[in-house]
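User: Hi! Could you walk me through the packing in this model?
Analyst: Happy to, let's take a look together.
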Amino acid sequence: MSDNYKSGRVWIVDDDSAIRFVIDRALTKEGFVSEVFSDGESALKKLQSSQPECIISDIKMPGIDGISMLKEIHRGFPEIPVIITTAHSDLMNAVRSYENGSFEYLPKPFDLDECIAIVKKAVTQYRKNAPGTDPGENDAGSLSPRSITELIGESQAMQEVYRVIGRISHSNVSVLIMGESGTGKELVARAIYRHSTRNRKPFVALNMAAIPQELIESELFGHEKGSFTGANSQRIGRFEEANTGTLFLDEIGDMPMEAQTRLLRVLENREFYRVGGQTPVSVDVRILAATNKNLPEYVKKGLFREDLYFRLNVISIRIPPLRDRSDDIKKLTRHFLDNAGTEMNAPPKILREDALEILRTFAWPGNIRQLQNVCRWLTVMAPGQIITPPDLPEEIRHPDNAVSAAGVSAQEYPGTPAPEPEQYAGTDPQEEHHDGELSPPEAPAPAASGIRGGSAAASTDWEPILGNWVAKKLSEGNIDIQKEAMDAFEFIMIKEALKHTHGKKLEAARILGIGRNTLTRKLQEFRDRFKDN
């Protein structure tokens with residue numbers, strides 16, 4: 001960076017005198033000329049007679065807050081870059097800052113060197129471009145105010161997610177959302193949509209892993225009447241449904257190669273043919289894609305088109321796993337317990353601090369989805385209003401001695417994406433999945449016997465049988481027996497649940513504590529077993 005920022009005039013607006021002192025001292029050391037203000041009113045008053053080349057402002061201040069001050073500055077002096085800082089960092093503050101024209105958004109505590117680097121960049125840009133943009137360019141009125149906070153968490157690991165969402169809120173670029181199963185990829189996609197200029201247009205979501213391969217093209221692009229057996233009428237595809245709006249392609253890594261080729265052509269030409277059609281259909285669709293797969297590795301192995309990967313990956317957002325944002329456990333747990341109480345028409349349970357500490361240190365292989373289901377389980381099973389450590393499920397208290405009810409051990413997760421990407425970071429349990437169904441987290445699903453309510457589970461009839469089977473396998477020299485056991489366990493659970501619900505898949509999925517998409521995949525995996533049974 002050049003030295004075009006030297007002697008730059010910078011104002012610091014913050015009601016915290018210690019913050020003002022530290023930033024002022026750092027700026028002065030770097031050659032800036034700084035001035036401090038303890039509130040927004042005094043800064044706005046001074047602005048009428050003198051203008052700085054950059055302003056650093058807190059959000060929460062007595063009197064006029066930082067966002068309101070930002071609006072006033074941007075209305076009268078849009079060329080002045082404003083850097084917003086806050087200790088109360090969440091998605092709404094980040095988006096509101098960018099929507100109202102902030103140059104950058106810095107959650108506290110921020111790195112002082114990063115702050116100085118941003119100030120240098122801001123002053124350099126001001127000197128290069130002022131007078132700058134049209135005062136109405138980023139008017140907050142262009143997007144309706146929102147009272148909903150879709151994502152929960154103030155941890156440092158979530159701040160970059162908020163910042164990226166805020167930055168791209170006015171753009172139409174494609175976004176690739178990456179993260180483990182249960183981290184919140186669809187919720188992030190919906191947040192991007194809600195804060196975009198297309199938020200009044202359609203949002204269409206499609207889970208690629210849930211569609212039979214032979215139907216993918218018809219699902220995406222539609223078909224004409226008579227184009228294949230069973231095509232009794234014309235069908236509009238998801239691209240046409242999403243025209244002028246947003247199309248969210250979940251589990252994009254599971255898309256077959258042939259469908260990838262057609263998708264790439266649509267993204268390049270913005271037109272396609274329905275299956276069996278002769279007339280091109282033009283569309284204007286923003287693509288958001290999500291995956292828990294390592295797409296660069298898939299590209300190397302020839303499982304995913306490289307050109308499609310780069311077309312989708314214009315902007316990427318990596319969602320942190322829950323184990324990397326343990327600071328958010330308290331707020332997430334409170335949210336889920338409150339909602340579970342509402343769902344079950346019961347007073348919300350309260351988590352004692354020592355129980356909370358156990359949740360903070362747990363690895364959460366199922367991420368947010370698993371935490372959500374644990375909170376529901378606790379709402380039903382914890383005997384008292386206050387949740388104590390003995391009330392927690394055994395696999396949470398002693399993770400080294402347990403395997404999750406979904407059949408996945410914790411050691412399978414660190415450093416690798418989980419196999420089933422379904423659900424959300426801080427999601428409201430009432431919010432539906434795009435196929436009309438909530439996908440519950442994978443967590444301890446209470447069985448008819450052996451349910452834990454804070455004490456050790458009673459021995460069940462099948463445990464000695466299972467123990468004998470394991471001992472026999474080990475004596476035969478088999479050491480990799482977990483998958484075989486868990487496959488058998490899942491098959492029996494699904495088979496009996498479907499028998500209990502008389503074949504109703506949605507009801508069976510809810511009983512098992514899994515999503516309908518997961519059940520569909522499992523039925524495909526076990527189709528040969530079902531034929532034999």
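User: Which strands does helix H7 lie across?
Analyst: Helix H7 (residues 185-194) lies across E6, E7, strand E8 (246-250), E11 and E12, and runs at about 150° to E6. Axes here are lines fitted to C-alpha atoms, for helices over the stretch in contact, and angles run from 0 to 180 degrees between N-to-C directions. Helices (H or I, at least four residues) and strands (E, at least two) are DSSP runs, numbered from the N terminus. Keep in mind that this is a predicted model: local features need pLDDT of at least 70, side-chain atom pairs count only at pLDDT 80 or more, and totals for chains, interfaces and linings use all residues. Residues are numbered from 1 along each chain as its sequence is written, and side-chain values use heavy atoms, with hydrogens and water left out.
User: Thanks! How many residues of H7 are buried?
Analyst: Nine of the ten, so H7 is largely enclosed by the rest of the structure. Buried means under 20% relative accessible area (exposed is over 50%, partly exposed in between; 1.4 Å probe, protein chains only). Charged residues are on the buried list too, including Lys185, Glu186 and Arg190.
User: And the sheet under discussion, what is its strand order?
Analyst: The order is E7-E8-E11-E6-E12, an open sheet of five strands with parallel pairing. Strand E7 (203-207) and strand E12 (315-318) are the edges, each pairing on one side only. From one strand to the next the twist averages 15°. Two strands pair if DSSP finds at least two bridges between them.
User: How many bridges join E6 to E11?
Analyst: Four, between strand E6 (residues 175-178) and strand E11 (residues 286-291), running parallel. Leu176 stands opposite Ala289 in E11.
User: Switching topic: which strand does E3 pair with?
Analyst: Strand E3 (residues 54-58) pairs with E4 in the parallel sense over four bridges. Ser57 is the residue opposite Ile84 in E4.
User: Are the faces of E4 covered or open?
Analyst: Both are covered: Val82, Ile84 and Thr86 are buried on one side, Ile83 and Thr85 on the other. In a regular strand the side chains alternate between the two faces of the sheet.
User: Helix pairs next. At what angle do H13 and H15 pack?
Analyst: Helix H13 (residues 329-343) and helix H15 (residues 367-381) pack at about 50°, with their axes 9 Å apart. That makes them oblique to each other (under 35 degrees counts as roughly parallel, over 145 as roughly antiparallel, 65 to 115 as roughly perpendicular, the rest as oblique). H13 passes H15 in a right-handed crossing, where the near helix is turned clockwise from the far one by less than a right angle; anticlockwise would be left-handed.
User: Which residues meet there?
Analyst: From H13, they include Leu332, Phe336 and Leu337, and from H15, Ile368, Leu371 and Thr379 are among them. The contact residues divide into eight nonpolar, four polar and two charged. For those classes, Ala, Val, Leu, Ile, Met, Phe, Trp, Tyr, Cys and Pro count as nonpolar, Asp, Glu, Lys and Arg as charged, and the others, Gly among them, as polar.
User: Is Thr379 buried or exposed?
Analyst: Buried, at 8% relative accessibility. Leaving aside neighbours within four places in sequence, Thr379 is in contact (heavy atoms within 4.5 Å) with Leu337, Ala340, Gly341, Met344 and Lys349.
User: Last one: where do H4 and H6 stand, angle-wise?
Analyst: Helix H4 (residues 91-99) and helix H6 (residues 156-167) cross at roughly 35°, and their axes come within 8 Å. H4 passes H6 in a right-handed crossing.
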